[in-house]
Amino acid sequence: MTKEIVPPPPAILRNDVAAVQALFQQHVVPSYGRFDIVLSHGVGSYLYDVKGKRYLDLGGGIAVNALGHAHPAITQALVEQSRRLIHASNFYYHEPQGRLAQRLVRLIGPGKCFFCNSGVEANEGLFKLARKFGHDEGRFEILTTDNSFHGRTLAGIAATGQEKIKKGFGPTVPGFRQVPYNDLAAMRAAVSPATAAIMVEGIQGEGGVTPASEQYLLGLRALCDEKRLLLFMDSVQCGHFRSGRFQSFQRILESAGEGFLPDGISMAKSLGGGFPIGAFWVREKFAELLSAGTHASTFGGTPLGCAVALKILDVIARDHLAENARRIGDFLIGELEHLRQKYPRVLRAVRGFGLMIGIDFDPNAAVFAPDEKSPAIQVVNRLHNRNLLTVPAANSAVRLLPALNLSQSEAEEGLHAIASTIADLA
Ligand SMILES: Cc1ncc(COP(=O)(O)O)c(C=O)c1O
């Protein structure tokens, strides 16, 4: 059906790498370090460049393309909803936004949702919620963690625990402080009379794929209850079934029982599978803090974005993709762990859950020329030569954040490229 609506990609691909790169050089702000690849189109977990070279995409648009590329269900949802209503102002009600909020609440727990466009905007909403919460008592401070990443707006970089992200953009928005991750005592010691909230990632993504420990999450919940603080989880990257459960904290705390709930959760990335949509969920007892007129976003929760997000949730449930993420993830992590044991001088660690995997290389390995780009980027470049797309993280980690419907044979193909590259490095 979608074949009738969407023309297939061009049969003859032009070799216009230089022409496209020239357009960027002349007209696009150079704020990204880009790899030397000019993409044309994608199908499932494969991406094609303009020269016709095919890559297996284990980067997934940095944890965005939850169903891979050109998934017919997404195309169908876009086409059908765009025929009816693409955008409506939030002055009015419409069914897709209400239904998406209901689905997210059912997946998390009693509460309400606010819709926006991106991960950082979802976090910004939670920051405002924390300020509203603490306002009458003069509390405004939000504690976050070292190596965290919470986005690129001024508040986002103030919350982010990486100096390189803040550098040159001072003065920093006040009211954010970082402490070491997975260190409950440090968090407890940092709480001041001005503290209103704590925000952590369930699995740090940009920081190199580092999961929170069970004790840390349970301890943060108890600390927040004791000190009357809001506990926020930034699930922008690690959420949406990537860990094998809807939320990474649900996976991390599986054996500790199901009682844990934060007070706010930010979401984006896989929520729209490539269509820009973000959201935050807030627990029932704080859901009325942002009353009419206190927060808004023109494009927040459009009928089109919500229809796509609903369709993605349908496909994830229909095709058992949470189970797939867990099964394929367990396979990949097991095989990568074997590689780490085989090549201990090159591979330092393999971390993650489900289809959020970090492969940490030893930056001191002789093969990494110190005057070149970071070890992470050097490995990602080598993997490109083996037709594999991955994502660098921190200085020395490579992330796998593929589509949740990655197949066993695709996982094996990716592993083969990774194993050959590691053998080259050893
Ligand atoms: C954990 C986390 N939070 C927030 C963001 C920011 O999301 P966005 O780029 O959609 O603003 C990201 C993006 O990588 C992220 O990984």
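Helix 5 and helix 12 are oblique to each other, and in this predicted model they offer a convenient place to start. Helix 5, which covers residues 95-108, packs against helix 12, residues 303-318, at an angle of about 40 degrees, and the two axes lie 8 Å apart. Because an angle under 35 degrees would count as roughly parallel, the value of about 40 degrees places helix 5 and helix 12 in the oblique class. The crossing that these two helices make is left-handed.

On the side of helix 5, the contact is formed by Pro96, Gln97, Arg99, Leu100, Arg103, Leu104 and Leu107, which meet Pro303, Cys306, Ala307, Ala309, Leu310, Leu313 and Asp314 of helix 12. Sorted by character, the residues of this contact comprise ten that are nonpolar, one that is polar and three that are charged. Arg99, a residue of helix 5, is among those that meet helix 12, and with a relative accessible area of 37% it is partly exposed. Arg99 and Gly305 are 206 residues apart along the chain, while their C-alpha atoms are separated by 12 Å.

A second helix pair lies further along the chain. Helix 14, residues 375-385, packs with helix 15, residues 408-425, at an angle of about 120 degrees, and their axes are 10 Å apart. Since the range for roughly perpendicular runs from 65 to 115 degrees and roughly antiparallel begins over 145, the angle of about 120 degrees makes helix 14 and helix 15 oblique to each other. Helix 14 passes helix 15 in a right-handed crossing, whereas the crossing of helix 5 and helix 12 is left-handed. Here Val379, Arg382 and Leu383 of helix 14 meet Ala417, Ile418, Thr421, Asp424 and Leu425 of helix 15, and the residues of this contact divide into five nonpolar, one polar and two charged.

The cysteines can be taken next. With a disulfide requiring two cysteine sulfur atoms within 2.5 Å, the count comes to zero disulfides. For Cys116, the nearest cysteine sulfur is that of Cys113, at 11 Å, and Cys116 is accordingly in no disulfide. Cys116 is buried, since its relative accessibility is 1%. Cys224 is likewise in no disulfide, the nearest cysteine sulfur being that of Cys238 at 17 Å, and Cys224 is also buried, with a relative accessible area of 1%.

Several loop residues complete the picture. Gly239 is found in the loop that runs between strand 10 (230-234) and helix 11 (248-252), and at 4% relative accessibility this glycine counts as buried. From C-alpha to C-alpha, Gly239 and Lys132 are 25 Å apart in space, and they are 107 residues apart in sequence.

Most residues other than glycine have a negative phi, and most peptide bonds are trans. Against that background, the peptide bond from Gly170 to Pro171 is cis, with omega near 0 degrees, and Pro171 sits in the loop between helix 8 (163-166) and strand 6 (176-179). Ala70, in the loop between helix 3 (60-63) and helix 4 (72-84), has a positive phi near 55 degrees although it is not a glycine, and at 54% relative accessibility Ala70 counts as exposed. Lys269 also has a positive phi, of about 40 degrees, and lies in the loop between strand 11 (264-267) and strand 12 (278-283), where a relative accessible area of 22% makes Lys269 partly exposed.

Conventions
Residues numbered from 1 in each chain as written. Predicted model: local features only at pLDDT ≥ 70, side-chain atom pairs only at ≥ 80, totals over all residues. Heavy atoms only, no water. Axes fitted to C-alpha atoms, helices over the stretch in contact; angles between N-to-C directions. Helix = DSSP H or I, 4+ residues; strand = E, 2+ residues; numbered from the N terminus. Left-handed = near helix turned anticlockwise from the far one by under 90°. Contact = heavy atoms within 4.5 Å. Nonpolar A, V, L, I, M, F, W, Y, C, P; charged D, E, K, R; others polar. Buried < 20%, exposed > 50% of the residue type's maximum accessible area, 1.4 Å probe, protein only.
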